[in-house]
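Visitor: Please show me the model, and then let us talk about its pockets.

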Amino acid sequence: IQNGQFAEGEKIDVFINEAVNVGETATTNYPRPLVYTAGRDGAMSISTSDQPYYPTSGKDVNIYAYYPSGTVTSIDANAAPVEFTVKENQSNDTDYKASDLMYGTPDKNPVGRTKNHVNITFKHLLSKVTVTLKQGAGIKNLTNAKVELLNVLPTTTLTPSKGTIDEATGTQTEITVMDKGTNLSGSAVVVPQTLNQEVEGKRRFIRVTLETGGVLYSQNLKDNDGNLIEDIKMTAGNEYKYEITVNLTSLDIKSSITEWVTGDPVQGEAEME
């Protein structure tokens, strides 16, 4: 969802500042923020009454944008940091999108006067995990399986003026990727952090609960050279893909990191305890 452009109807907050020199007073003050709506082709529209214009001074403008709408109220240098928390249940599109924190700017600020559209490129500030289930030995039906990411810190602190985030914080929780549906592939957004860490002598990262009640945990993840992967250090803008073959007594996992930002593939397996 929203890999190449925003879904139609999504709201994006745009902040515009007149590019004044130190000691100068802006001639034009823009509402904070201007709320745009995404169309089918990636274009963003705004109500006629809120349509912004270039400053009467003739100066350029700086443009910044955030998604989801309502995350940030000011991008001034003295604006207070903002806490952002991903949703615990991202098995529905609404809560997945509400977790996908993005920051956008033009190719270069400030922006000079032009009759052409101003292109704003957004980047994902968090990490994405995609899980795909495949039917294996002894499994007749994966419908309604529940997939969760374990021991996830859900919160980060955002610096609005810079579009940067701090390390993950909060109480460790489970993030639901899929739950009670026919779709066997889903994604969740998490704050960049280290997962698959050892807890009480075991490394648990992905949990699959079958409709019949069977519970399986990811274990023994390995890279292409067969080396055991222990801590998984996730970084901003990366997508981590896990293809899971669900067997009666084990999960065989093939995983890779792809764009958002390209990374090296890894392989692994998981077993029922």
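Guide: This is a predicted model. About 320 Å³ of space lies in its second largest pocket. The pocket has 21 lining residues, and S91, V177, N183, S185 and G186 are the closest to its centre.

Visitor: What makes S91 a lining residue of the second largest pocket?

Guide: A lining residue has an atom within 4 Å of a pocket point. S91 is among the 21 residues that line this pocket, so S91 has such an atom.

Visitor: Which elements give two or more residues to the lining of the second largest pocket?

Guide: They are α1 (93–99), β8 (127–135), β12 (173–178) and β13 (185–190). With three residues, β13 gives the most.

Visitor: Why is G186 counted as polar?

Guide: Gly is placed among the polar residues by the class rule, so G186 counts as polar. By class, this lining has eight nonpolar, nine polar and four charged residues.

Visitor: How much space lies in the largest pocket?

Guide: About 980 Å³. Its lining has 31 residues, with M44, H117, V118, N119 and I120 nearest the centre. β1 (11–18), β3 (44–45), β4 (61–67) and β7 (120–124) each give two or more residues to that lining. The largest share, five residues, comes from β7.

Visitor: Why is H117 not counted as charged?

Guide: The charged class holds Asp, Glu, Lys and Arg, and His is not one of them, so H117 counts as polar. The lining of the largest pocket has 17 nonpolar, 13 polar and one charged residues.

Conventions: Residues numbered from 1 in each chain as written. Predicted model: local features only at pLDDT ≥ 70, side-chain atom pairs only at ≥ 80, totals over all residues. Heavy atoms only, no water. 1 Å grid on protein atoms, 1.4 Å probe; cavity = no way out; pocket = protein on both sides within 12 Å on 5 of 7 lines; lining within 4 Å. Points joined across faces, edges and corners; volume = space filled by probe spheres on them. Helix = DSSP H or I, 4+ residues; strand = E, 2+ residues; numbered from the N terminus.
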